[in-house]
Amino acid sequence: METNEGAVLSLQNFRKQFGSGCEKCADLDERHLQRNYCPNCRTTYACADLSLDLYGGEILGVVGESGSGKSTLLRCLYFDEEASSGEAFLQGYKSGQVNIFTETGQQKRYIRNYHLGMVYQNPYMGLRMSFSSIGNIAEKLIAAGGRSVDAMTGRAASLLHKVDIPPYRFLETPATFSGGMQQRVQIAKALSNNPPILLLDEITTGLDLSVQAKVLDLIKGIQRELRISMLVVSHDLAVIRMLAERTIVMLDGKIVEQGLTDQVLEDPQHPYTQKLVQSLL
Amino acid sequence: MGEVLKVSGLNKHFALFPGPKVLVGCQDVHLVLGRGEFVGITGRSGSGKSTILKCIYRTYLPQSGHIWYDSARFGSLDLAKASERRIAHLRRQEIGYVSQFLSVLPRITAREIVESAMLDDGLDLPQVRQATEKLLAHFELDCSLWDVFPQTFSGGEKLRLNIARAMAKKPRLLLLDEPTASLDHESKARVKELLVKLKTEGTSLLGIFHDLEFMDGVCDRVLAMSAGRLTAQNLR
């Protein structure tokens, strides 16, 4: 047996439900759901009993159809939503001994500011559209304890440079940017506090091919240079194949298959994964 | 001579959903690869040759059987059951795989592909630069191609780059899945030369070839496969 040693993020028996549940869906084994939805009390079991480990410097892909719970997983890890039950441990936070889901709101903010970076599918979630690009990054830096204006400006400028935003647009608001540029500002913002873990939610969806290529090269470069661990959610198998070493396949809130990415794509064990792979163009 | 690889009772079939369709990949395969040995496998298309290689590389998950591999880092371990983390490490450091097709990340130049393979090995940059150029030159890739994305390469050029990348790492075990299938005579001779060199440097090789002439002179043993089974050992 391999130990959990080296896992920068360890998630165990994580559940998230939207709704209170009723006697018909309370019993985990005997519940009668339509996919992950209880028609009786209208409760959605978005994530049901997920366990996973993310290791240092690794990109872990998460694939699955819409509504399979991928985004809920990330949103709970970033504390946008509260987990219903389960445990998560970060190696860098209190030596991985404390379940971060049960920490106080203040501690959760600390974890979010010092240990995590998040890039949303929709830049409107991750950026303040009416603040300057450089100000957006400063916001995250201030949250992470930055106080020197010079240092923050320098850091923000170097990050924006890294993601290819021209200097003469640093002071403009992301609202005036194209979708691809907004996404790159978001990535710069997520990187600004040097997080050991980056959560990426469908970051290339809706971008045209050449911009998508730019964003992917950026992600790959970041991983190579900074050895940041990433949890990459996508329903684009080509993106996963390019980025991820290991992949998890989700269906109706559960993990139905996991393995090395080429194994999952070439020798899928679960009917759903086979269907998914066969749908690949 | 120790064993680097020992496959015993390997079975792989593919269950196709929906319905009870099952494809047989390979059945009850036993084979042994000694350190520094070069074993060739031959057989008709669909006889399960690649399945064996992909099971060893863990692109396929075998249903039953053992694949004992003698790792420099972990000692003896069963590749059929080892953790994904260990397999990932072995792929980076010890086991190379060359297929008929080059699959590389887009927008990375030929030079970078070979260099990054060597940098994983912990060499420093000037050394790597030099070794990369030597290797690319050996495969007669024109130097105008070195800083070009491989998508624009011809089939043969891609293949040669593919082999160069795998060889750059000097792996402990190299799996070759018809790497010479579409190469011209001259290129084949080049590949052969380097395979022999790798072998003398201690790499163990397991390869699939259709070309009996190619195997002659490099392979220590040749095995034949049909209908998912190894039918003959040591043809030579």
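**Close-up views of a predicted two-chain model**

**View 1. The S4–S5 hairpin of chain B.** In S5(B), B:Leu77 is the bridge partner of B:Tyr69. The model shown here and in the following views is predicted. Strand S4 (residues 64-71) and strand S5 (residues 75-78) of chain B run antiparallel and are joined by four bridges. The connection from S4(B) to S5(B) is a hairpin of three residues.

**View 2. The six-stranded sheet of chain B.** The strands of this open sheet follow the order S6-S7-S8-S3-S9-S10 (chain B), and their pairing is mixed. Strand S6 (95-98) and strand S10 (229-232) of chain B occupy the edges; each has a single partner strand, so one side of each is left without a neighbour in the sheet. On average, neighbouring strands of this sheet are turned by 25° against each other, direction ignored. Within the sheet, strand S7 (residues 173-177) and strand S8 (residues 204-208) of chain B pair in the parallel sense over five bridges. B:Leu175 is found opposite B:Leu206, a residue of S8(B).

**View 3. The six-stranded sheet of chain A and helix H7.** Chain A holds an open sheet of six strands in the order S6-S7-S8-S4-S9-S10, again with mixed pairing. At its edges stand strand S6 (116-119) and S10 of chain A, each with a single partner strand, so one side of each lacks a neighbour in the sheet. From one strand to the next, the twist averages 15°. S6(A) and strand S7 (residues 197-201) of chain A run parallel and are joined by four bridges. A:Val119 has A:Leu200 in S7(A) as its bridge partner. Helix H7 (residues 179-191) of chain A packs on the sheet and touches S6 and S7 of chain A. The direction of H7 makes about 170° with that of S6(A).

**View 4. A salt bridge within chain A.** A:Asp252 and A:Arg35 form a salt bridge in which the closest N and O atoms are 3.2 Å apart. This pair links distant parts of the chain, the two residues being 217 residues apart. A:Asp252 lies in the loop between strand S9 (246-251) and S10 of chain A, while A:Arg35 lies in the loop between helix H1 (23-26) and strand S2 (37-38) of chain A. Over all chains, the count comes to 28 salt bridges.

**View 5. Extent of the interface between chain A and chain B.** The size of an interface is often expressed as the accessible area lost when the parts come together. Here the area buried between chain A and chain B is about 1900 Å², and carbon and sulfur atoms give 51% of that area. In this interface, 20 residues of chain A are in contact with 22 residues of chain B.

**View 6. Polar and charged pairs across the interface.** Side chains of opposite charge can pair when their charged atoms come close. Six salt bridges are counted between chain A and chain B. One such salt bridge joins A:Glu266 to B:Lys54, with the closest N and O atoms 2.9 Å apart. The two chains also have ten residue pairs in polar contact, with both residues at pLDDT 80 or more.

**View 7. The side of chain A that touches chain B.** Two or more residues each come from helix H8 (209-226), strand S10 (254-260), helix H10 (261-266) and helix H11 (271-278) of chain A. H8(A) gives the most to this side, with four residues. By residue type, the side of chain A that touches chain B divides into six nonpolar, six polar and eight charged residues.

Terms used: Residues are numbered from 1 along each chain as its sequence is written. Chains are lettered from A and ligands numbered from 1 in the order in which they are written. This is a predicted model: local features need pLDDT of at least 70, side-chain atom pairs count only at pLDDT 80 or more; totals for chains, interfaces and linings use all residues. Side-chain values use heavy atoms; hydrogens and water are left out. Contact means heavy atoms within 4.5 Å. Buried area is the accessible area (1.4 Å probe) that two parts lose on being put together, summed over both. A salt bridge is a side-chain nitrogen of Lys or Arg within 4 Å of a carboxyl oxygen of Asp or Glu. A polar contact is a pair of N or O atoms within 3.5 Å; within protein, one must be able to donate a hydrogen and the other to accept it, and residues adjacent in sequence count only if both atoms are side-chain atoms. Ala, Val, Leu, Ile, Met, Phe, Trp, Tyr, Cys and Pro count as nonpolar, Asp, Glu, Lys and Arg as charged, and the others, Gly among them, as polar. Two strands pair if DSSP finds at least two bridges between them. Axes are lines fitted to C-alpha atoms, for helices over the stretch in contact, and angles run from 0 to 180 degrees between N-to-C directions.
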